[in-house]
Amino acid sequence: MAAAALGGLGLLRARLRLAAAAAATSAALGRTGHRAPPLRGGVAAAVPSAGRSYGSQAKEEEELRVRYLDDEHKGIVVLGLNRSHAKNALSKNLVKMMSKAVDALKSDKKVRTVVFRSEVPGIFCAGADLKERAKMHSSEVSSFVSRARATINELGGTQRLPRTIGVSLAKELIFSARIVDGEEAKSIGLISHVVEQNEAGDAAYRRALALAREFLPQGPVAMRVAKLAINQGMEVDLVTGLAIEEACYAQTIPTKDRIEGLLAFKEKRPPRYKGE
């Protein structure tokens, strides 16, 4: 699964308001800096969904919309932030719904790619809901931050800002609280794609879907171990990283023993390896 990086610290998430839609480890931004509006009318018809959603009502809106796409987009799930009255700030309720949705997606083998987007024009996420946090008891704050961090870390490819763009530049952005646009975000390596806005206002979302479609034909096992090799390999030295890569690659080789092991796992029985 994939997502846009929301930043590592509450301060960072509150300041870097990036208008992004993400697919896997890539993100697309419109040069205008505006977010794609909610799917409606002909756009919804062009990208049909099964209509499943999680969330409670907040000022007559679903705070989190979960769409399972169909047809050529089957296997893609769109998570849409929709707290327009709070600029998509992460509240306790929204984090709870995100956690519930992510847990459901993790156990759904039909899901191949997740697109994480805003459905509020002009904003991606304003960070933590500081107004709500100010009313929390001190014991609630720690629990909320831990749950929010754990939920964000569940979305594949999430990296803390210093590790993505370097320590010096990360300090500059955090200390200055500067808001960056799409062009600058791409130039510093924070995002992968910048696109011209279209008349519908959903160019970034469309680019994310296009990327997601590129991932769909690939083998799920190969995709899984490739992500594992990249994520774990970045944490270690080169020699160890190469060993991790070799171990991951071995999992894709269809040997008789491996096939028997997979069958045994599926059937919940001890494997009958060759020679036994």
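This is a short walk through one predicted structure, from its confidence scores to its cores and a few side chains.

Okay, hi everyone. Before anything else, keep in mind that we're looking at a predicted model. The average pLDDT for the protein is 74, and 69% of the residues score at least 70. The part to watch is residues 1-60, where the pLDDT is below 50. That stretch still has 194 contacts in the model beyond near neighbours in sequence. Where pLDDT is low, though, the predicted coordinates should not be read in detail. I'll leave that stretch there.

So, on to the packing. The largest nonpolar core has 24 residues, and the ones touching the most other members are L64 and L79. Which elements give two or more residues to this core? They are β3 (64-68), β4 (76-81), α3 (92-106), β5 and α5 (138-153). The top contributor is α3, with six residues. There's another core that lies apart from this one; it has eleven residues, including L161, I174, V180 and I188.

Let me go back to L79 for a second. Skipping residues up to four places away in sequence, L79 touches L64, R65 and V66, then A101 and L105, and then V114, V115, F116 and R117.

Two names on that list, F116 and R117, are worth following up. Start with F116. If you search the whole structure for aromatic pairs, you get one. The partners are F116 and F124, with ring centres 6.1 Å apart and planes at 80 degrees, so we call the pair edge-to-face because the angle is over 60. Are those two rings buried or exposed? F116 is buried, at 1% relative accessibility, and F124 is buried as well, at 3%.

Then R117. This arginine lies over the face of Y205, 4.0 Å from the ring centre.

Last stop, D129, which is in the loop between β5 (113-118) and α4 (130-134). D129 has a relative accessible area of 10%, so with the cut-off at under 20% this aspartate counts as buried. What does its side chain have for polar company? A polar atom of the D129 side chain lies 3.1 Å from the backbone nitrogen of E132. Setting aside neighbours within four places in sequence, D129 is also in contact with R83, A89, L90 and S91.

That's my tour. Happy to pull up any of these residues on the screen.

Terms used
Residues are numbered from 1 along each chain as its sequence is written. Side-chain values use heavy atoms; hydrogens and water are left out. Helices (H or I, at least four residues) and strands (E, at least two) are DSSP runs, numbered from the N terminus. Buried means under 20% relative accessible area, exposed over 50%, partly exposed in between (1.4 Å probe, protein chains only). A polar contact is a pair of N or O atoms within 3.5 Å; within protein, one must be able to donate a hydrogen and the other to accept it, and residues adjacent in sequence count only if both atoms are side-chain atoms. Contact means heavy atoms within 4.5 Å. Rings of Phe, Tyr and Trp (its six-membered ring) pair if their centres lie within 6.5 Å; planes under 30 degrees apart count as stacked, over 60 as edge-to-face and the rest as tilted. A charge sits over a ring if NZ of Lys or CZ of Arg is within 6 Å of the ring centre and within 35 degrees of the ring normal. pLDDT is the predictor's confidence in each residue, from 0 to 100. A nonpolar core is a set of buried Ala, Val, Leu, Ile, Met, Phe, Trp, Tyr and Cys residues joined through side-chain atoms within 4.5 Å.
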